[in-house]
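Open the model in your viewer and keep the selection tool at hand. Follow the stops in order.

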Amino acid sequence: MMRAIFAMLLVLTVSACSTVFPNQDVTGLAFPSVSGESLSQKAVLIPQDFSGEPTLLLVGYVQDSQFDIDRWLIGLDMTQTQVAVYEIPTIAGMFPRMFSTVIDNGMRAGIPKELWGGVVTVYKDGAAVQEFTGNTNPNNARVLLLDSAGKVIYFYDRGFAVEPLNNLRAVLAQEIAK
């Protein structure tokens, strides 16, 4: 079973970003309307289901972006940043959609059940998200802070560092103060 999951993740890593979209700063733009499903098997519409409060999306395009996402999560926890956070694995293409159950089960095996609701996998609309942010350097997570209406008010895609974390926190504080 582990070999099958590893083989599937290897294929996904190779095929996940088969179309290259140039990276772009999407600050100030509305996040595109996309659908996904949480690991707890709840359908989620992004950004509609997150409206009403600031929400942080940590978007990953390949398995290796999990390392970057984990560093952001640790930084947010260590600084006691209070914001709704969702991990958004975004996998474009027909092949990954055909094996979405296997992929999601592989993720469930490595994530505690109480956290499944915070991981929303986007398959069908994966290309739309990748085109929106760009997918050059796919190992880097895309960090998007959405305002209560779904507009991107902070965007970063160059890995984790303390200064971008502090910048994110400053933008979040301004948003909360409104």
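The tour goes from the sheet to its helices, then to the cores and a few loop residues.

This is a predicted model, where local features need pLDDT of at least 70, side-chain atom pairs count only at pLDDT 80 or more, and totals for chains, interfaces and linings use all residues. Residues are numbered from 1 along each chain as its sequence is written, and side-chain values use heavy atoms, leaving out hydrogens and water.

**Stop 1: the sheet**

Select strands S4 (84–89), S3 (55–60), S6 (142–146) and S7 (152–156). Strands (E, at least two residues) and helices (H or I, at least four) are DSSP runs, numbered from the N terminus. The four strands form an open sheet in the order S4-S3-S6-S7, with mixed pairing. Two strands pair if DSSP finds at least two bridges between them. Look at the edges: S4 and S7 each have a single partner strand, so one side of each has no neighbour in the sheet. On average, neighbouring strands are turned by 20 degrees against each other, direction ignored.

Now zoom in on S3 and S6. They run antiparallel and are joined by five bridges. Leu58 stands opposite Val143 in S6.

**Stop 2: helices on the sheet**

Add H2 (65–78). H2 packs on the sheet and touches S3, S4, S6 and S7. Contact here means heavy atoms within 4.5 Å. The direction of H2 makes about 155 degrees with that of S3. Axes are lines fitted to C-alpha atoms, for helices over the stretch in contact, and angles run from 0 to 180 degrees between N-to-C directions.

Next, select H5 (126–133). H5 lies across S3, S6 and S7, at about 90 degrees to S6.

**Stop 3: helix H6**

Select residues 162–177, which make up H6. Which residues of H6 are buried? They are Pro164, Leu165, Leu168, Leu172 and Glu175. Buried means under 20% relative accessible area, exposed over 50%, and partly exposed in between (1.4 Å probe, protein chains only). The buried residues cover an arc of only 100 degrees around the axis, so they sit on the same side of H6. That arc is taken from the directions from the helix axis to the C-beta atoms. They pack against S3, H2, S6 and S7. Turn the helix over: the face away from the buried side carries the exposed Val162, Glu163, Gln174 and Ala177.

**Stop 4: the cores**

Show side chains for Phe31, Ile46, Leu57, Val59, Ile88, Leu144 and Val152. These have the most contacts inside the largest nonpolar core, which has 18 residues. Such a core is a set of buried Ala, Val, Leu, Ile, Met, Phe, Trp, Tyr and Cys residues joined through side-chain atoms within 4.5 Å. S2 (43–46), S3, H5, S6 and S7 each supply at least two of its residues. Another core lies apart from it, with 15 residues, among them Ile69, Leu76, Leu145 and Leu168.

Center on Ile46. Not counting residues up to four places away in sequence, Ile46 touches Phe31, Pro32, Ser33, Val34, Leu57, Ile88, Val120 and Val122.

**Stop 5: backbone details**

Stay at Ile46. A cis peptide bond joins Ile46 to Pro47, with omega about 5 degrees. Pro47 is in the loop between S2 and S3.

Finish with Gln41, in the loop between S1 (34–38) and S2. Gln41 has a positive phi of about 70 degrees, although it is not a glycine. Gln41 is exposed, at 58% relative accessible area.

Conventions
The expected span of a helix is 1.5 Å times one less than its number of residues.
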